[in-house]
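This report describes how the metal sites and their surroundings appear in a predicted model. The sequence and structure follow.

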Amino acid sequence: MTLKPRFLWGGGVVVVAALAVAVALMWKPAIAPITAPPPASFDAQTRLAGARVVALGDCIVCHTAKGGQPFAGGLPLATPFGTIYATNITPDVETGIGSWSLEAFTRAVRHGVARDGHLLYPAFPYIHFTHMSDGDISAAYAYLMTREPVKATAPANELIFPLNFRPLLAFWNVLFLHPGADVADASKDAQWNRGKLLVDGLGHCASCHSPLNPIGGEKLGHAFDGGVVDGWEAPPLNALGTAPKPWTQAQLVTYLRTGRASEHGAAAGPMLPVTRDLATVPEEDVQAIAAYILSIQKHEPVATRALTTDATLSPEAQNGALLFAASCAQCHGPHAPMQSIGERPSLAFSTAVNATTPRNAIQMMLNGIDWHGEDTLNYMPAFSQVYSDQQIADLASYIRAAYSQRGPWQDVEATVAKVRKENDAR
Ligand code: HEC
Ligand code: HEC
Ligand code: HEC
């Protein structure tokens with residue numbers, strides 16, 4: 001016998017074993033459907049606890065289409081790999097999760113596997129939800145199973161090949177999904193541990209506030225360094241001391257619960273719905289989140305320069321100053337009622353105006369802030385139809401020069417054009 005066949009045989013065993021591992025990873029069994037449990041089978045206490053869990057997890061934000069029924073899905077989520085639609089998680093038997101047992105629901109939340117066994121895309125933040133406690137998962141289940149069932153099927157995803165082949169997600173999960181309960185740090189107090197659990201788990205803050213690698217995973221070692229989501233910059237959460245007025249616990253709690261903070265400005269874009277959810281949970285949860293966030297700071301205050309006076313404004317900024325007087329000063333000027341009675345911050349304290357890039361200031365001008373119920377103080381008109389790219393850029397150059405002690409932004413007009421194009425594509 002020569003060596004060769006034996007070598008081939010050995011190689012064959014390795015290939016077969018590798019295939020067996022791959023198949024085991026890629027194909028998960030279905031969990032048998034159940035008859036939807038009657039709402040009365042869930043006690044009121046658990047449902048109430050579930051409302052809190054569902055608010056902390058922003059489930060309604062992703063699972064509700066614009067103008068659609070709560071939790072009925074259909075909201076498109078733009079990713080670098082195409083569009084993924086959030087699914088219907090009302091208890092409708094045919095199109096929702098009405099036939100899902102608690103076991104199937106738990107597997108989805110912890111491992112990203114649907115009841116029928118198909119792997120779910122990580123646009124659903126199960127890599128964070130995996131740290132939820134059993135109690136929180138069953139409370140969320142009780143809450144969702146007692147909602148009004150809605151018949152609605154999300155449109156088919158539009159993803160690039162080969163990512164439209166779900167079994168491949170198994171390999172992504174090997175890299176980025178680390179299931180297991182969050183272990184409490186005995187050297188820290190209960191509030192800090194609760195905060196960490198909420199931020200890393202249910203609150204999935206890192207999914208927006210961290211940079212992503214080319215395959216859509218959060219960059220290792222860069223948690224909370226800041227990311228870009230839906231065309232908005234989610235600022236670093238570990239550099240809150242670099243703000244013109246460093247964030248305090250009280251300011252953070254107010255920002256997270258009301259969507260604005262007197263020394264920093266307002267939450268807009270994808271952060272606004274997060275704050276609307278956090279407004280509904282007990283304050284102690286938000287205090288815990290704030291305490292934990294303040295404990296992860298790792299950046300010193302940054303160097304500043306003197307504010308630009310009118311005489312030293314660039315030609316672009318001078319043009320911006322005229323537009324500002326016409327369209328913005330009635331709210332943002334020094335004598336505007338919004339500044340004096342509304343406890344509104346001067347633009348000098350705004351994160352958007354002091355950020356490294358003009359992205360969020362541009363988004364703010366293009367989109368404004370929609371009317372929301374009675375909250376008239378938090379309204380800003382949208383200027384996307386009013387001003388050209390050049391004019392928006394001039395306004396950006398002006399507010400940067402007049403209100404921020406940081407250096408001028410570069411390539412502002414090109415950024416306006418880019419942001420507008422991205423917004424139109426969404
Ligand atoms: C950032 C957006 C986002 C948030 C927040 C979110 N989901 Fe989802 N979820 C999705 C998307 C997108 C899908 C569909 C994934 C797919 O089809 O692969 C999904 C799928 C699911 C599924 C599987 C349903 C099915 O029919 O396959 C369940 C269950 C689920 N989510 C529950 C929840 C719960 C509970 C919460 C809150 C604790 C939540 N989701 C929060 C985006 C989100
Ligand atoms: C869906 C994406 C998303 C999620 C989830 C999210 N954020 Fe944000 N966050 C943003 C964006 C975008 C901004 C910038 C908003 C703006 O400038 O108006 C922001 C702004 C903030 C700010 C203001 C920072 C500053 O320097 O001005 C804080 C604080 C914050 N988020 C905390 C949190 C915490 C805590 C969580 C988790 C409970 C969280 N965020 C979850 C997207 C998100
Ligand atoms: C009707 C009043 C109104 C007008 C007009 C208005 N804004 Fe605003 N703007 C607001 C409100 C309210 C906010 C939310 C911030 C806050 O609470 O102070 C805001 C926020 C902003 C922010 C982000 C600050 C932050 O919260 O971080 C920028 C930048 C901004 N506006 C620029 C402009 C510019 C430039 C114009 C003119 C083209 C303009 N605004 C016109 C009301 C207005």
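## The iron of ligand 1

Which residue is the only protein donor of the iron atom of ligand 1? That donor is His-63, which offers its NE2 atom at 2.0 Å. His-63 is found in the loop between α3, comprising residues 59-62, and strand β1.

## The β1–β2 hairpin

Strand β1 spans residues 76-79 and is joined by four bridges to strand β2, residues 82-85. The two strands run antiparallel. They form a hairpin, with two residues between them. Within this pairing, Thr-79 has Gly-82 of β2 as its bridge partner.

## The iron of ligand 2

For the iron atom of ligand 2, the protein donors are His-209, through NE2, and Met-271, through SD. These donors lie 2.1 to 2.3 Å from the metal. His-209 belongs to helix α9 and Met-271 to helix α11, so the pair ties together parts of the protein that are 62 residues apart in sequence.

Why is the arrangement around this iron atom octahedral? Six donor atoms surround the metal, and the angles they subtend run from 87 to 179°. An octahedral assignment requires opposite donors to be over 155 degrees apart and all other angles to lie between 65 and 115.

Are the two protein donors buried or exposed? His-209 is buried, because its relative accessible area is 11%, and the cut-off for a buried residue is under 20%. Met-271 is likewise buried, with a relative accessible area of 18%.

## Polar contacts of ligand 2

Three side chains can be described here by their polar atoms. In His-209, an N or O atom of the side chain lies 2.8 Å from a nitrogen atom of ligand 2. In Thr-351, a side-chain N or O atom is 2.4 Å from an oxygen atom of the ligand. Asn-360 places a polar side-chain atom 3.3 Å from an oxygen atom of ligand 2.

The elements that give two or more residues to the shell around ligand 2 are α9 (206-209), β5 (232-234), α10 (249-258) and α11 (271-278).

## Composition of the shell

How many residues surround ligand 2? There are 24, and the closest are Cys-205, Cys-208, His-209, Met-271 and Thr-351. Two of these names recur from the metal site, since His-209 and Met-271 are the protein donors of the iron atom.

By class, the shell contains 18 nonpolar residues, five polar residues and one charged residue.

Conventions: Residues numbered from 1 in each chain as written. Chains lettered and ligands numbered in written order. Predicted model: local features only at pLDDT ≥ 70, side-chain atom pairs only at ≥ 80, totals over all residues. Heavy atoms only, no water. Near = heavy atom within 4 Å. Polar contact = N/O pair within 3.5 Å; in protein donor to acceptor, adjacent residues only side chain to side chain. Nonpolar A, V, L, I, M, F, W, Y, C, P; charged D, E, K, R; others polar. Pairing = 2+ DSSP bridges. Donors = N, O, S within 2.8 Å, 3.2 Å for Na, K, Ca; no water. Tetrahedral: all angles 85-135°; square planar, octahedral: opposite > 155°, others 65-115°. Buried < 20%, exposed > 50% of the residue type's maximum accessible area, 1.4 Å probe, protein only.
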